[in-house]
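Here's a walk through the structure, one neighbourhood at a time. Keep the viewer open and follow along.

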Amino acid sequence: MQEYKTYILCTRPVDASLVEKAQAKNIGLDMLSFIETEPVYTIEVQQEIELACVELATVGFTSMNAVESVTAILDGHVPEWNIYCMGHKTKELVEAYFSAEAIVGTGGSASELADEIIANSEVEEI
């Protein structure tokens, strides 16, 4: 096993390219997930998502897991939503499924995302 000058513990998976860049700078990345998530697929959740599909809704995604869960239920259907999202990976997944044009606001944290939503006086419900 190679010895590195510095080690960083990542609590979520990172791209192989980032691992390679870190190793080139004598930094080792150890990846260990501390939280395991499991989607909740109940009739109520499915009905709520299906109801939002038939209207011009404002939707917020705060995790990549939420995007993956909702898009699994959408099963290829792409509703006309105005979307707020938090975090880089979440934004990437939203752009890939819904398009970049669907994103009306982003935040790097929950507080930043809340400020972004509040600043839009047209948002009555999310």
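Val94 sits in helix α4. This is a predicted model, and in it Val94 counts as buried, because its relative accessibility is 0% and the cut-off for buried is under 20%. What does Val94 touch once neighbours within four places in sequence are left aside? The contacts are Phe61, Val67, Ile83, Cys85, Ser99 and Ile103. If you want a ruler on this spot, try Val94 and Tyr84: they are 10 residues apart in sequence, and their C-alpha atoms are 9.3 Å apart in space.

One of those contacts, Phe61, deserves a stop of its own. Phe61 belongs to strand β3 and is buried too, at 2% relative accessibility. Its contact list, not counting residues up to four places away in sequence, runs through Ala66, Val67, Val70, Trp81, Ile83, Tyr84, Cys85, Met86, Thr90, Val94, Phe98 and Leu113. Look at Cys85 in particular: 24 residues separate it from Phe61 along the chain, yet the two C-alpha atoms are 4.7 Å apart.

Now zoom out to the sheet around Phe61's strand. Three strands make up an open sheet, in the order β3-β4-β5, and the pairing is parallel. Which strands stand at the edges? They are β3 (58-61) and β5 (103-107); each has a single partner strand, so one side of each is left without a neighbour in the sheet. From one strand to the next, the twist averages 15 degrees. Strands of a sheet pair through backbone hydrogen bonds, in either a parallel or an antiparallel way. Here β3 and β4 (residues 82-86) run parallel and are joined by 4 bridges. For one concrete pairing, take Gly60, whose bridge partner in β4 is Tyr84. Helix α4 (residues 88-97) packs on this sheet and touches β3, β4 and β5, with its direction at about 155 degrees to that of β4.

Strand β3 also holds Thr58. Thr58 is buried as well, since its relative accessible area of 18% falls under the 20% cut-off. Leaving aside neighbours within four places in sequence, Thr58 is in contact with Asn82, Tyr84, Val123, Glu125 and Ile126.

Back to helix α4, where Thr90 is found. Is Thr90 buried or exposed? Buried, with a relative accessible area of 5%. Its contacts, again without neighbours within four places in sequence, are Phe61, Thr62, Ser63, Met64, Val67 and Cys85.

Helix α4 has another side to its story. The structure holds 1 salt bridge, and it is formed by Lys89 and Glu92, whose closest N and O atoms are 3.7 Å apart. Both residues lie in α4, 3 residues apart, which is about one turn of the helix. Lys89 is partly exposed, with a relative accessible area of 38%, and Glu92 is also partly exposed, at 34%.

Next, a couple of backbone oddities. Most residues other than glycine have a negative phi. Ser99, one of the contacts of Val94, has a positive phi near 110 degrees even though it is not a glycine. You'll find Ser99 in the loop between α4 and β5, partly exposed at a relative accessible area of 24%. Asn26 also has a positive phi, of about 65 degrees, without being a glycine. It is placed in the loop between α1 (16-24) and β2, and with a relative accessible area of 30% it counts as partly exposed.

Finally, head out to the surface. Which residues form a nonpolar patch there? Leu9, Leu32, Phe34 and Ile35 do, and together they have about 460 Å² of accessible area. Phe34 lies in the loop between β2 (27-31) and α2 (43-53). Phe34 counts as exposed because its relative accessible area of 56% is over the 50% cut-off. Set that beside the other phenylalanine on this tour: Phe61 is buried at 2% relative accessibility, whereas Phe34 is exposed at 56%.

Notes. Residues are numbered from 1 along each chain as its sequence is written. This is a predicted model: local features need pLDDT of at least 70, side-chain atom pairs count only at pLDDT 80 or more; totals for chains, interfaces and linings use all residues. Side-chain values use heavy atoms; hydrogens and water are left out. Patches are made of residues with over 30% relative accessible area and no salt bridge: like charges are joined within 9 Å, nonpolar side chains (Val, Leu, Ile, Met, Phe, Trp, Tyr) within 5 Å. Accessible areas come from the Shrake-Rupley method with a 1.4 Å probe; for residues, only the protein chains shown count as cover. A salt bridge is a side-chain nitrogen of Lys or Arg within 4 Å of a carboxyl oxygen of Asp or Glu. Helices (H or I, at least four residues) and strands (E, at least two) are DSSP runs, numbered from the N terminus. Buried means under 20% relative accessible area, exposed over 50%, partly exposed in between (1.4 Å probe, protein chains only). Two strands pair if DSSP finds at least two bridges between them. Axes are lines fitted to C-alpha atoms, for helices over the stretch in contact, and angles run from 0 to 180 degrees between N-to-C directions. Contact means heavy atoms within 4.5 Å.
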